[in-house]
Amino acid sequence: MKGVVLGIEPGAGIVDITHDIAQGDIGSAAFVLDACRDSFPPATVFVVVVDPGVGSARRALAVRTHGHLFVGPDNGVFSYVMDNAADREVREVTNGELLRHPVSATFHGRDIFAPVGAHLAAGVSLESVGPPCGDPVMIARPGVTVSGSAIHGRVVYIDRFGNALTSIDRSALERLTRTPSSVEIAAASLPLCRYYQERPAGQPLALIDSAGFLEIAVNGGSAARQLGLRPGAEVVVK
Amino acid sequence: MKGVVLGIEPGAGIVDITHDIAQGDIGSAAFVLDACRDSFPPATVFVVVVDPGVGSARRALAVRTHGHLFVGPDNGVFSYVMDNAADREVREVTNGELLRHPVSATFHGRDIFAPVGAHLAAGVSLESVGPPCGDPVMIARPGVTVSGSAIHGRVVYIDRFGNALTSIDRSALERLTRTPSSVEIAAASLPLCRYYQERPAGQPLALIDSAGFLEIAVNGGSAARQLGLRPGAEVVVK
Amino acid sequence: MKGVVLGIEPGAGIVDITHDIAQGDIGSAAFVLDACRDSFPPATVFVVVVDPGVGSARRALAVRTHGHLFVGPDNGVFSYVMDNAADREVREVTNGELLRHPVSATFHGRDIFAPVGAHLAAGVSLESVGPPCGDPVMIARPGVTVSGSAIHGRVVYIDRFGNALTSIDRSALERLTRTPSSVEIAAASLPLCRYYQERPAGQPLALIDSAGFLEIAVNGGSAARQLGLRPGAEVVVK
């Protein structure tokens, strides 16, 4: 993919966001993309290849929102980027002139997403990739329920250190009527801390992570392994 | 290695092709290099450091073929790139002025291949690296036997998703006298599909991969683990 | 972090040195940083994020030494770079104008070290990051004891191939009164070789690695796994 990009736009600066998304895990990809986009310069082109449906009838999309451009499969990976966007423009990729030929049935990252992303980075207009798409696939964020004294949410992503990121963000915590005293997950009750070393090495804790989400961690260890956490696990802030 | 490259050619764009080749697996490196070279812009310099013989008497080579340049150990890693090339120029690296000194006995990637590659990228001529080499080490591709109704080949590479790439390419399949009905490997009989999701999640299949080779895969899983595949395993298309 | 860097200095060339340091292993980070710095061009900015104390009261530092700049946490990661430096200038990072706001409590790599490093790469003066720091945290290198006929040292780093790098460097070996005949570690007695293939495949050996340190290796295998080595293991050259 990088070779294809550099063949179209030799001056492109290419950054790998992550190679640690589990195979076909669209929800984790959607979470990571939304969490990191603000750290990139305006008009960054993001290319996403978490694409279990490659070769099937699923469409390819190019999206403009939050001042950036996004290219990838129409499988929901752009849901979290789009669901809180003030405005967005979504196009289906149909312009064959922007693709690498022959287009394989198993590597659209190389043959569709990378070349379209490179052309956009080189100044090709979003309009030229194809017609507007009014019904992109959207996946729902795991529900967050705030009552007066408790918030219920779920684990949405395990990072490479074994930290468990949840669907509960700072704004949900601010809607609680009193200061939360504990975070309950997997039969454990954890203190809400500011940073890892507030707890002894090997001890679990909760904190607000650098993207604003409630995170379950172990100081110097893996919360996922130690507490047996996976995406979907329920978490309650009390 | 990248620091050395940037010290010689500050404007070099550097791409990591893979860090997933098993230690010293020259055959897999030869396969991956040949499979990806077409995706890079003309005159790309490829530097290869799959080099179990580092420090021994094995030579260092610089090769021009397919419109690209290749630098690395003379251990066969360039075999597949060279064996189907219309023309090629092979040089032994002997010009000490192009190396990083002192040249260590354990990291020729940093001390020989990276600086020679950077000098070539910066415009140094291939002739200046050293004299022609008429007998580079060549490793044979695993044999492919096509009879009228069957093709016999072998697994040559397991990728990081656990997909098994084989020595059977599209041209071999086109020489069959009738449309193949199944692919047999490790006591399993698999359908020949176009893409992964033609089969239910967790089910094995065969398809033609994005580089034109027969691939054994599992939709959403690892064929290597599920079928117990390793390089060398026999595969038959019927 | 890379997005933040490119937002400040769009022309920055960014190289990943390693992602294989164990979580919070400051000693290994200090070793790798010192071993690789000579391979980079003059005035490289190194950003280090092995940072178990992120969010606590530990300071952030920017250091100029060996013709390079270094930015990271004040936890000892710069010890080996600084302990043999003819001169050095150490500053505490206090200038809020150089940071990304809001500064999180869990990702100073993104909010402090990356932006400060990018500003330095873009030409901001070291003086402008903050006041001089006279007492950076220093960790001691594992001791090396040279008697006339033996050297005692310790394993300091296991690389991703399972090679064990030790605290014994070339200069210690040169102080022996006679040529060493064996290297003893974990109840094994190993020959001192020049390169890996001097020994049969699967056999352990010792050699001087590409950064000048005594290395324990297995030809084509993992010394760490085969001999059960970890950082801290004692090694004796006789």
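Over which ring does the charged end of Arg141(B) sit? I looked this up in a predicted model, where local features need pLDDT of at least 70 and side-chain atom pairs count only at pLDDT 80 or more, while totals for chains, interfaces and linings use all residues. Residues are numbered from 1 along each chain as its sequence is written, chains are lettered from A and ligands numbered from 1 in the order in which they are written, and side-chain values use heavy atoms, with hydrogens and water left out.

**Entry: charge over ring.** I found the ring of Tyr80(B) beneath the charged end of Arg141(B), with 4.5 Å to the ring centre. A charge counts as over a ring if NZ of Lys or CZ of Arg is within 6 Å of the ring centre and within 35 degrees of the ring normal. In chain A, I noted Arg141(A) over Tyr80(A), at 4.5 Å from the ring centre.

**Entry: aromatic pairs.** I counted 15 aromatic pairs over all chains. Rings of Phe, Tyr and Trp (its six-membered ring) pair if their centres lie within 6.5 Å; planes under 30 degrees apart count as stacked, over 60 as edge-to-face and the rest as tilted. Phe46(B) and Phe70(B) are stacked, because their ring centres are 4.9 Å apart and their planes stand at 10°. I also met a cluster of Phe40(A), Phe46(A), Phe70(A) and Phe78(A), linked by ring pairs.

**Entry: burial.** I checked accessibility next (buried is under 20% relative accessible area, exposed over 50%, partly exposed in between; 1.4 Å probe, protein chains only). Phe46(B) is buried at 4%, and Phe70(B) is buried at 0%. Val49(B) is partly exposed at 36%.
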